[in-house]
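Could you walk me through this structure, starting with how its parts are arranged and moving on to the side chains that meet inside it? I would like a friendly tour in plain paragraphs.

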Amino acid sequence: MSVKYDKKKYYTPAVFVLAVVILLSAISFFNSQTKTDNAVNEALTNKDGIVVHFLDVGQGDSEFVELPNGQCMLIDAGTADSGQTVTDYIKQAGYTKIDYLVATHPHADHIGGMSQVVEGFDIGEIYMPKVSTATRTFEGLLEEISDKGMTINTAKAGTEVYSDSELQMEFLAPVGTQYEEINNYSAVLKISYGSNSFLFTGDAEDISEEEMLDRDYTSLSADVLKVGHHGSRYSSTIDFLYAVKPEYAVISCGAGNSYGHPHSEALDRLNKLKAEIYRTDEQGTVTVTCDGKGGFDVECEK
């Protein structure tokens with residue numbers, strides 16, 4: 001006796017079960033991914049305070065700032081050889097967007113890696129001082145920004161980047177509009193969070209420092225100073241340092257660089273103020289965390 005199966009009736013339950021399994025797996029994956037994304041977002045937005053990474057980019061400058069509201073900022077990006085290093089560092093920190101991008105001035109040791117950064121991330125706002133140079137590095141950065149359809153905000157004294165009841169970010173320089181030395185066009189940014197503050201000075205030299213002193217002496221006070229021009233003797237004048245009164249001073253420079261940075265004169269002046277000095281050429285990337293209540297934690301790569 002042979003038995004004939006109704007293939008349609010026989011296979012339908014199996015197909016239905018398989019479809020249910022696939023659907024449940026998809027829902028499970030979606031929920032898992034959503035929880036992961038939420039966990040990442042929560043981790044980024046629930047920081048205890050500000051985290052500033054003074055990146056080791058050799059003889060150059062680059063600072064990556066994690067803000068307490070989950071946003072982030074990049075100030076400079078080192079030389080062209082540093083572009084991948086900076087990009088990888090930010091991605092490993094969990095960010096796919098840079099909310100604020102600051103190019104302090106158009107020298108290659110500050111903007112050399114920035115084209116790669118602009119290409120590799122979503123960018124919120126871009127700030128640059130109103131000065132240009134006829135270099136391929138600078139022109140390439142402008143082209144990359146233009147290709148993304150973005151505009152550039154002028155960084156100058158009095159320009160406010162962000163402000164709420166706890167966090168303020170404002171440019172203190174350049175004060176003037178005409179300088180012989182491009183370094184004095186450097187965008188100088190102060191970030192304040194609660195009772196803590198950071199001052200990032202690019203390559204600003206004595207002329208810019210004097211203008212900032214004349215404009216508003218009291219606004220310069222900061223707990224952490226990114227020392228101007230890699231510790232050059234032409235920056236960090238004693239009057240400027242007395243106005244800033246830094247507890248910590250971070251110098252970004254390359255080991256054995258041909259400029260002799262940091263210069264002994266600058267180091268002597270910082271030591272006179274009893275500032276705690278950190279150097280990327282000796283200690284690698286320096287990370288400073290603050291809670292907005294006066295407390296600081298400093299970690300060094302080396």
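Before we look at how a helix lies across strands, one convention helps: axes are lines fitted to C-alpha atoms, for helices over the stretch in contact, and angles run from 0 to 180 degrees between N-to-C directions. Please also keep in mind that this is a predicted model.

With that in hand, find helix α2, residues 83-92. Helix α2 lies across five strands, namely β1 (50-54), β2 (63-66), β3 (72-75), β4 (97-102) and β14. Relative to β3, helix α2 runs at about 165 degrees.

Those strands belong to an open sheet of eight strands with mixed pairing. If you trace across the sheet, the order reads β6-β5-β4-β3-β2-β1-β14-β15. Its edge strands are β6 (153-154) at one end and β15 (296-300) at the other, and each of them pairs on one side only. Let us stay at the β15 end for a moment. Strand β14, residues 286-290, runs antiparallel to β15, and five bridges join the two. To see one of the partners, look at V286, whose bridge partner in β15 is C300.

Strand β15 also leads us to the aromatic side chains. A pair of aromatic rings is described by the distance of the centres and the angle of the planes. How many aromatic pairs does a search of the whole structure find? The search finds seven. In one of them, the ring centres of Y179 and Y185 are 4.9 Å apart and the planes stand at 85 degrees, so this pair is edge-to-face. Both tyrosines, Y179 and Y185, are buried.

Another edge-to-face pair is made by F198 and F296, with 6.1 Å from centre to centre and 70 degrees between the planes. Because F198 lies in strand β10 (residues 196-200) and F296 in strand β15, this pair ties together parts that are 98 residues apart in sequence. Are F198 and F296 buried or exposed? Both are buried. The two phenylalanines also belong to a wider group, since one aromatic cluster is formed by F54, F198, F200, Y248 and F296.

An aromatic ring can also have a charge for company. The charged end of K91 sits over the ring of F121, 5.6 Å from the ring centre.

From here it is a short step to charge pairs. Side chains of opposite charge can pair when their charged atoms come close. The structure holds six salt bridges. One of them joins the side chains of K97 and D99, at 4.0 Å from N to O. Its two ends have their own surroundings: K97 counts as partly exposed at 39% relative accessibility, while D99, at 11%, counts as buried.

A second example is the salt bridge between E265 and R233, with 3.0 Å between the closest N and O atoms. E265 lies in helix α8 (residues 264-272) and R233 in the loop between β11 (224-226) and α7 (238-244), so the pair ties together parts that are 32 residues apart in sequence. E265 is partly exposed at 31% relative accessibility, and R233 is partly exposed with a relative accessible area of 36%.

Our last stop is the salt bridge between E282 and R279, at 3.5 Å from N to O. Here E282 counts as partly exposed at 49% relative accessibility, whereas R279 is buried at 17%. D281 takes part as well: salt bridges that share partners join R279, D281 and E282 into one network.

Technical notes: Residues are numbered from 1 along each chain as its sequence is written. This is a predicted model: local features need pLDDT of at least 70, side-chain atom pairs count only at pLDDT 80 or more; totals for chains, interfaces and linings use all residues. Side-chain values use heavy atoms; hydrogens and water are left out. Two strands pair if DSSP finds at least two bridges between them. Helices (H or I, at least four residues) and strands (E, at least two) are DSSP runs, numbered from the N terminus. Contact means heavy atoms within 4.5 Å. Rings of Phe, Tyr and Trp (its six-membered ring) pair if their centres lie within 6.5 Å; planes under 30 degrees apart count as stacked, over 60 as edge-to-face and the rest as tilted. Buried means under 20% relative accessible area, exposed over 50%, partly exposed in between (1.4 Å probe, protein chains only). A charge sits over a ring if NZ of Lys or CZ of Arg is within 6 Å of the ring centre and within 35 degrees of the ring normal.
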